[in-house]
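Please look at the chain below before reading on. The text starts with its surface and then moves inward.

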Amino acid sequence: MHSWAVYGAGLLDPDGYDRLHPANLDDAALGAASREALLASRYIAPNHPDWDRVDAYWNLEEDDKLKERLKAAAGVKTSSALYKGAGNVSLELRDGVITVEPLKYAGRGGFEGIRDLEPTKLPEAISDEALGAVIRAAIEISRAPWKR
């Protein structure tokens, strides 16, 4: 789970939230961790003092390190095994609304939106348990978007 530095697009933030969690988190723990990542995300414009450092942080070396961490945590040796059955959910917090959007695997470690699927919008004050339940449902859609 990661937080992002956002300006037009998102970049992983070297000062942000970057944690691996066990797959069996209950809904309340999943919601709490997700909220923590959301709150750690930040807006960084080109005039922000951290702009150059954040922009330079994410490179092929960091990408490779992250993939190695994920493969080790999943107990697999190849990227194809890592992404087999993987799910990805995008969360956004803006103006008191949390948007939850499942993404489908697009190959080569990338994910993309799912056609004709509207994101779920929730009030920021939603309980951690309810947030976690919505995220868990979105993960299942992400893993098998053809089943929805």
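Accessible areas here come from the Shrake-Rupley method with a 1.4 Å probe; for residues, only the protein chains shown count as cover. On that basis the protein chain has an accessible surface of about 9400 Å², and carbon and sulfur atoms account for 51% of it. The model is predicted: local features need pLDDT of at least 70, side-chain atom pairs count only at pLDDT 80 or more, and totals for chains, interfaces and linings use all residues. Residues are numbered from 1 along each chain as its sequence is written, and side-chain values use heavy atoms, with hydrogens and water left out.

The protein chain contains five helices and seven strands, taken as DSSP runs (H or I, at least four residues, for helices; E, at least two, for strands) numbered from the N terminus. Their order along the sequence is β-β-α-β-α-α-α-β-β-β-β-α. The C-alpha trace spans about 45 × 40 × 30 Å along its principal axes.

Of the 148 residues, 27% count as buried, meaning under 20% relative accessible area (1.4 Å probe, protein chains only). The largest nonpolar core, a set of buried Ala, Val, Leu, Ile, Met, Phe, Trp, Tyr and Cys residues joined through side-chain atoms within 4.5 Å, has 11 residues, including Leu25, Leu30, Val100 and Ile135. Helix H1 (27–40), strand S5 (97–107) and helix H5 (128–143) each give two or more residues to this core; H5 gives the most, with three.

Leu30, one of the core residues, touches Met1, Leu25, Gly132, Ile135 and Arg136 (heavy atoms within 4.5 Å), leaving aside residues up to four places away in sequence.

How values were computed:
Buried means under 20% relative accessible area, exposed over 50%, partly exposed in between (1.4 Å probe, protein chains only).
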